[in-house]
Amino acid sequence: MVPKSQIEEGEQVEEDELPNFAMKLDFEMFYMEVRDAITFVQGHVKELEIETNEIESEEKKREDAVKEAVRAERVAEIAVERAESEVKTASTTEVTSSISKQTKSNADDIQRDSSDNHSKTALS
């Protein structure tokens with residue numbers, strides 16, 4: 001343990017040296033160092049802002065590309081749906097047309113048979 005008198009003596013020496021220490025300080029040098037540090041920090045902040053803007057710009061481009069891809073995909077889906085609908089409509093139309101032709105052919109056959117039967121009956 002350090003004796004109390006030695007502690008008090010050390011404190012007195014520190015107090016006596018304090019004015020000398022203060023007189024030796026170079027405030028202009030300190031001011032210039034602080035100013036340089038502030039200038040460095042401001043420059044770094046500007047660099048970070050530029051980098052942030054570039055990153056945000058790239059993100060926006062990617063988001064726009066994704067939106068465009070989604071839109072293109074949806075357009076393709078709609079085109080496929082329309083094509084499928086047209087194929088179904090065309091198939092239905094072909095079937096209906098085929099049935100109509102078959103029905104007309106059957107009706108013509110019946111009419112011919114009926115005419116032939118009527119002719120045969122009239123000749124007999």
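**Notes on a two-helix chain**

1. Let's start partway along the chain: Arg-74 and Glu-77 sit three residues apart in helix α2, so about one helical turn separates them. Their side chains meet in a salt bridge, with N to O at 3.1 Å. Keep in mind that this is a predicted model.

2. How exposed are these two? Arg-74 is partly exposed, at 40% relative accessible area, and Glu-77 is partly exposed too, at 37%. Arg-74 also has a salt bridge to Glu-81, this one at 3.9 Å from N to O. Glu-81 counts as partly exposed, with 45% relative accessibility. Through shared partners, the salt bridges tie Arg-74, Glu-77 and Glu-81 into one network.

3. Now look at Glu-68 and Arg-71, which form a salt bridge with their closest N and O atoms 2.8 Å apart. These residues are also three apart in α2, so about one helical turn lies between them. Glu-68 is partly exposed at 41%, and Arg-71 is partly exposed at 47%. The total count of salt bridges is five.

4. Zooming out, the chain has two helices and zero strands. Buried residues make up 0% of its 124 residues. About 11,800 Å² of the chain is exposed, and carbon and sulfur atoms supply 58% of that.

5. Which residues form the nonpolar patch on the surface? They are Leu-18, Phe-21, Leu-25, Phe-27, Phe-30, Val-34 and Ile-38, together offering about 720 Å² of accessible area. Both α1 (4–24) and α2 (27–123) give two or more residues to the patch, and α2 gives the largest share, four residues. Ile-38 lies in α2 and is partly exposed, at 45% relative accessible area.

Notes
Residues numbered from 1 in each chain as written. Predicted model: local features only at pLDDT ≥ 70, side-chain atom pairs only at ≥ 80, totals over all residues. Heavy atoms only, no water. Buried < 20%, exposed > 50% of the residue type's maximum accessible area, 1.4 Å probe, protein only. Areas by Shrake-Rupley, 256 points an atom, 1.4 Å probe, with all protein chains shown as cover. Patch = residues over 30% accessible without salt bridge, like charges linked within 9 Å, V, L, I, M, F, W, Y side chains within 5 Å. Salt bridge = Lys/Arg side-chain N within 4 Å of Asp/Glu carboxyl O.
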